[in-house]
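Please look over the sequence and the model shown here. The report that follows takes up a few local features, one after another.

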Amino acid sequence: MLDQIGSKWAVLVMGELGRHGARRFAQLRQQLEGISEKMLTQTLRTLERDGLILRTVYPEAPIRVEYELTPLGQTLRGPLKALTEWSTQHIEEVVDARKKYDERTGK
């Protein structure tokens, strides 16, 4: 479970749905720069399976499908926001630590 919640794309998908509400596949793909169609599909399926997002199919022509956070998914908004804020605040320290490590180990 932690592997999925902590994955880059899962965090970004859930953040997008949390900020903007229900979104269609194409809207998510457009907003999430660099994600492939395959990766977005896999991420959405996994989040749906875990009960974190809801997939709603509207019987229209053409068929419309939307994704949104479930109540369970909504409970992750706070922890994910805190993790994002921590990452933003400490990125320079992490980059410096990596640089020192790589110099020390010859990488």
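Leu 12 is found in helix H2, where helices (H or I, at least four residues) and strands (E, at least two) are DSSP runs, numbered from the N terminus. This is a predicted model, in which local features need pLDDT of at least 70 and side-chain atom pairs count only at pLDDT 80 or more, while totals for chains, interfaces and linings use all residues. Residues are numbered from 1 along each chain as its sequence is written, and side-chain values use heavy atoms, with hydrogens and water left out.

Helix H2 covers residues 8-20, and its 13 residues reach 18 Å from the first C-alpha to the last, close to the 18 Å expected at 1.5 Å a residue; that expected span is 1.5 Å times one less than the number of residues. Buried residues of H2 include Trp 9, Val 13, Met 14 and Leu 17, where buried means under 20% relative accessible area, exposed over 50%, and partly exposed in between (1.4 Å probe, protein chains only). Just after H2, Gly 21 takes a positive phi of about 80 degrees.

Ser 7 lies in the loop between helix H1 (2-5) and H2, and Thr 84 is found in helix H6. The table gives the accessibility of these two residues and of Leu 12, each with a C-alpha separation.

| Residue | Relative accessibility | Partner and separation along the chain | C-alpha distance |
|---|---|---|---|
| Ser 7 | 22%, partly exposed | Thr 56, 49 residues | 24 Å |
| Leu 12 | 35%, partly exposed | Glu 85, 73 residues | 13 Å |
| Thr 84 | 41%, partly exposed | Asp 102, 18 residues | 25 Å |

Rolling a probe the size of a water molecule over the atoms shows where empty space is left. On a 1 Å grid over the protein atoms alone, a pocket is an open set of points where a 1.4 Å probe fits, with protein on both sides within 12 Å along at least five of seven lines, and lining residues have an atom within 4 Å of a point. The largest pocket holds about 430 Å³ of space. Of the 14 residues that line the largest pocket, Val 11, Arg 19, Leu 80, Lys 81 and Thr 84 are the closest to its centre. H2 and helix H6 (77-105) each supply at least two residues of this lining, which divides into five nonpolar, four polar and five charged residues.

Elsewhere, Pro 62 lies in the loop between strand S2 (53-58) and strand S3 (64-69), and the peptide bond from Ala 61 to Pro 62 is cis, with omega near -5 degrees. Arg 64 lies over the face of Tyr 58, at 3.8 Å from the ring centre; a charge sits over a ring if NZ of Lys or CZ of Arg is within 6 Å of the ring centre and within 35 degrees of the ring normal.

Note on methods:
Points joined across faces, edges and corners; volume = space filled by probe spheres on them. Nonpolar A, V, L, I, M, F, W, Y, C, P; charged D, E, K, R; others polar.
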